[in-house]
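Here are some notes from a pass through the model you sent over. I've kept them to cysteines, pockets and aromatic rings.

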Amino acid sequence: MKTSAWNALDSHRLATQNLRLADEFAHDEHRAQKFSIEAAGIFIDYSKNLITAETMRLLLELARERGVTQRLDLMLAGERINVSEHRAVLHMALRNPAGSVRRYLLDGIDVGDEVQRVLAHMRKFTQQVRDGTWQGGTGREIADIVNIGIGGSDLGPQMVCEALREFAHPRLTMHFVSNVDGAALERVLSKVSTETTLFIVASKTFTTQETLTNATSARDWFLANGGREADVAKHFVAVSTNAVEVAKFGIDTANMFEFWDWVGGRYSLWSAIGLSIALANGMDGFEELLAGAHFMDEHFATAPLDANMPVLLALVGVWNVNFCGASSQCVAPYAQDLHRLPAFLQQLEMESNGKSVDRDGNVLAAPSCPVIWGEPGTNGQHAFFQLLHQGTSVIPVDFIAAVHCNGKLPDHHRLLLANCIAQSEALMLGKSEAQVHTELRAQGLNATEIYALTPHKFFAGNRPSNTILLDKLTPKSLGALIALYEQKTFVQGVIWGVNSFDQWGVELGKQLAKTIDAELKVGIVSEAHDGSTKALMRRVIS
């Protein structure tokens, strides 16, 4: 991993360890313009990072040495770059429009025809539900849609439906159930009617334990509350590839929406997994989402590295993690409708790049993915921003906002944007001891009081952030934003040398849970477990 460019960056960090952002802005009135970029309807100002022109030159050299362009070419060509599962990675094909000059091939076959076939199936079905043609067993229109999935089958669709609520069908209410905790399902079922509810069971294999447990309980509820066995097919549809298990469940396979093994779960909202999005926003809205992502894809695939938005965002992140020591990254969307975006990005980035070995199985010589976390502003300002400003850890922040609001309260939106911009400025500038002294003297405090209060009111500043601006939150701009983070994650995976498209780390706990559940069911604890696990199981059984 540690190439010559990496070593040069190590030396460069030592040479710039005393860099002060406030001084850099004072010395260069064009700094913000030099370190900002606009593409696919998105603008990023990354000037409030501890970087110089030389930093970016060396980071771009690192990208070249690590083969970012070559790896991208392999992905676009349909090569099986998911080496541990021997799969291609073609989620960009899902948003490639019909008739596009770009083709995505797998073993020489254009996958676009299958993608368009499923999109046409989705269009027909969603139109029927939205116009009331599709009716439940008692002849009533659908009013509630319950998406049952987990991981990528839940986080992406839920995040998008929440983000685009302003564009949703007025009759349809969307619900999402993922946690196997029965309280989640019970809460949703208490709000809906068997006559007017449509369930989407989203599971590629139709064997995912959490999803099938929730789906089975939902079907039991349906049958116990007036629903007929013959009407299951009118109230349940599937997003899956396993027609046999779908049919066993009672779902008509004509209402099974397919996707493929080259679609990873956390990259799947663009596929039939996005059926809930299409139902809420219509297929025109769903295709606008795809179009925004495609716009970003084409920029990523064609722009040179030094003018490539996902590449630059990724490289700044690598600089913060590997050379400035950041172990976490905060995402602060200043848009309540994006409140699920941090959770979505947690899966996207940490499941993709949370690895400790490279693609060849060698232990990494440097840290990979940081912890991703966050909440919407301004809520976060009254919670964890204290740590961002004065904590012992320096945590980079991605501020995300829309310049224009969708709502009817423009004064609120102006105040929201003022807070967003002010927080990035405050993190960068801080407040010196001299400024604190001046303020406290103006308040009439004496020297003893000033001396006592100064350490508490001092802000070190020099804390890095990016500001990402959309013109307005729409299906198209949201699609571009999500694709930006997908491609950023890919680039960082290449830099770190990991396989960003497997997730073996989720398997072990699930395997052990099956064994433990079987023993809990019969009330017998085997001696195969460690002492702590046996004690916990016995306490649960008793």
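1. Let's start with a cysteine. For C420, the closest cysteine sulfur belongs to C330 and sits 11 Å away, too far for a bond. The cut-off for a disulfide is 2.5 Å between the sulfurs. Bear in mind that this is a predicted model.

2. The overall tally is zero disulfides. As for where the cysteines sit, C420 counts as buried because its relative accessibility is 2%. C161 is also buried, at 9% relative accessibility; the limit for that label is under 20%.

3. Next, the largest pocket. Its volume is about 1000 Å³, and 40 residues line it. If you want to find its centre on screen, look for T208, Q503, V506, E507 and K510, which lie nearest to it.

4. Which helix gives the most to that lining? It is α20, with four residues. Helix α20 spans 507–522, and α9 (209–224) and α14 (341–353) also supply at least two residues each. By class, the lining of the largest pocket splits into 18 polar, 12 nonpolar and 10 charged residues.

5. The second largest pocket comes in at about 510 Å³. It has 23 lining residues, and those closest to its centre are A335, Q336, C405, H413 and L416. Strand β12 (397–404) and helix α16 (410–429) each put at least two residues into this lining. Here the classes run to 10 nonpolar, nine polar and four charged.

6. On to the aromatics: the count is 18 aromatic pairs. One to look at is W319 with F323, whose ring centres are 5.6 Å apart and whose planes meet at 25 degrees, so the pair is stacked. The cut-off for stacked is under 30 degrees.

7. Why are W319 and F323 about one helical turn apart? Because they are four residues apart in the same helix, α13 (residues 309–323). W319 is buried, with a relative accessible area of 0%, and F323 is buried too, at 8%.

8. There is also a cluster of rings worth displaying: F199, F206, W221, F222, F236 and F249 are linked by ring pairs. One of these, F249, has R219 lying over its face, 4.3 Å from the ring centre.

9. A last arginine to check is R31, which lies over the face of F25 at 5.3 Å from the ring centre.

Methods. Residues are numbered from 1 along each chain as its sequence is written. This is a predicted model: local features need pLDDT of at least 70, side-chain atom pairs count only at pLDDT 80 or more; totals for chains, interfaces and linings use all residues. Side-chain values use heavy atoms; hydrogens and water are left out. Buried means under 20% relative accessible area, exposed over 50%, partly exposed in between (1.4 Å probe, protein chains only). On a 1 Å grid over the protein atoms alone, a cavity is a set of points where a 1.4 Å probe fits but cannot get out, and a pocket is an open set with protein on both sides within 12 Å along at least five of seven lines; lining residues have an atom within 4 Å of a point. Grid points are joined across faces, edges and corners, and a volume is the space filled by probe spheres set on the points. Ala, Val, Leu, Ile, Met, Phe, Trp, Tyr, Cys and Pro count as nonpolar, Asp, Glu, Lys and Arg as charged, and the others, Gly among them, as polar. Rings of Phe, Tyr and Trp (its six-membered ring) pair if their centres lie within 6.5 Å; planes under 30 degrees apart count as stacked, over 60 as edge-to-face and the rest as tilted. A charge sits over a ring if NZ of Lys or CZ of Arg is within 6 Å of the ring centre and within 35 degrees of the ring normal.
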